[in-house]
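Here are my notes on the model you sent over. Have it open while you go through the points.

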Amino acid sequence: MAKRMAFSAILMALAVVCLYGATIAPSAKISLLALTSVFGAVSVAEYGPKYGVTHYVGVSLLSLLLIPSKMLVIVYIIFLGYYPVVKTFIERIGKRWLEWIVKIAVFNLFLIIGYFVFKAFFLPSIESAVVDLALKYLPWVILALEVIFVLYDYILSYIITYYYKVLQVKIHGR
């Protein structure tokens, strides 16, 4: 039990560090932000969805408390943090086409939630010209975000597979 807690704590700390790095890095913000969810995927791979949820909640709370810039923390909470756990359950469906429909539906649901959160907290501080431009091209913005999501899911799947086949063997000697 202590080993699980220590490993989980290390994964949470690494995720918070990457999230903090994403808030201060002049470039690679998206890469560091996506990397934060990889630690959640490792937590799920090692100990199951329950630990993945614990990881998500822990990183979310620690990030809200420790990271001064909340914009990327909110992005993590709404889009990336929960996804390794949800992905685990969706991929148990067994039909790839249905899995993709569910994944994209879940992403779009959280995209709507994200819109309302950003509208309430961040849009008042963003220049109206930027908001008008984004709304003018909203269908293209949504399509671009869905393409990015599909790429993110594909890369996350690749990383999880690599973890199972290579890293987990080296860590545990299996």
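1. Is Tyr83 buried or exposed? Keep in mind that this is a predicted model. Tyr83 has a relative accessible area of 1%, so it falls under the 20% cut-off and is buried. Its ring pairs with that of Tyr152, with 5.8 Å from centre to centre and 50 degrees between the planes, a tilted arrangement. The two come from distant parts of the chain: Tyr83 belongs to helix α5 (residues 83-90) and Tyr152 to helix α8 (residues 138-172), 69 residues apart. Tyr152 counts as buried as well, at 13% relative accessibility.

2. Now zoom out a little from that pair. Tyr83 and Tyr152 belong to one aromatic cluster, together with Phe79, Tyr82, Phe107, Phe110 and Phe149. For the model as a whole, the count of aromatic pairs is ten.

3. Another of those pairs is worth a look: how are the rings of Phe7 and Tyr47 arranged? Their planes stand at 80 degrees, with the centres 6.0 Å apart. Anything over 60 degrees counts as edge-to-face, so that is the label this pair gets. Here too the partners are distant along the chain, 40 residues apart, with Phe7 in helix α1 (residues 2-24) and Tyr47 in helix α2 (residues 29-47). Phe7 is partly exposed at 22% relative accessibility, whereas Tyr47, at 17%, is buried.

4. The helices that carry Phe7 and Tyr47 also pack against each other. The axes of α1 and α2 lie 7 Å apart, at an angle of about 170 degrees. That angle is over 145 degrees, so α1 is roughly antiparallel to α2. Sorted by class, the contact between α1 and α2 is made of 14 nonpolar, five polar and four charged residues.

5. Next, the core. In soluble globular proteins, nonpolar side chains tend to be buried together. The largest nonpolar core here has 37 residues, and the members that touch the most others are Leu19, Leu33, Tyr76, Phe79 and Leu156. Two or more residues come from each of α1, α2, α3 (49-66), α4 (71-80), α5, α6 (96-121) and α8. Which helix gives the largest share? That is α4, with nine residues. Note that Phe79 turns up twice: in this core and in the aromatic cluster of point 2.

6. One last detail to check on screen: Lys103 lies over the face of Trp100, 4.6 Å from the ring centre.

Notes: Residues are numbered from 1 along each chain as its sequence is written. This is a predicted model: local features need pLDDT of at least 70, side-chain atom pairs count only at pLDDT 80 or more; totals for chains, interfaces and linings use all residues. Side-chain values use heavy atoms; hydrogens and water are left out. Rings of Phe, Tyr and Trp (its six-membered ring) pair if their centres lie within 6.5 Å; planes under 30 degrees apart count as stacked, over 60 as edge-to-face and the rest as tilted. Helices (H or I, at least four residues) and strands (E, at least two) are DSSP runs, numbered from the N terminus. Buried means under 20% relative accessible area, exposed over 50%, partly exposed in between (1.4 Å probe, protein chains only). A charge sits over a ring if NZ of Lys or CZ of Arg is within 6 Å of the ring centre and within 35 degrees of the ring normal. Axes are lines fitted to C-alpha atoms, for helices over the stretch in contact, and angles run from 0 to 180 degrees between N-to-C directions. Angles under 35 degrees count as roughly parallel, over 145 as roughly antiparallel, 65 to 115 as roughly perpendicular and the rest as oblique. Ala, Val, Leu, Ile, Met, Phe, Trp, Tyr, Cys and Pro count as nonpolar, Asp, Glu, Lys and Arg as charged, and the others, Gly among them, as polar. A nonpolar core is a set of buried Ala, Val, Leu, Ile, Met, Phe, Trp, Tyr and Cys residues joined through side-chain atoms within 4.5 Å.
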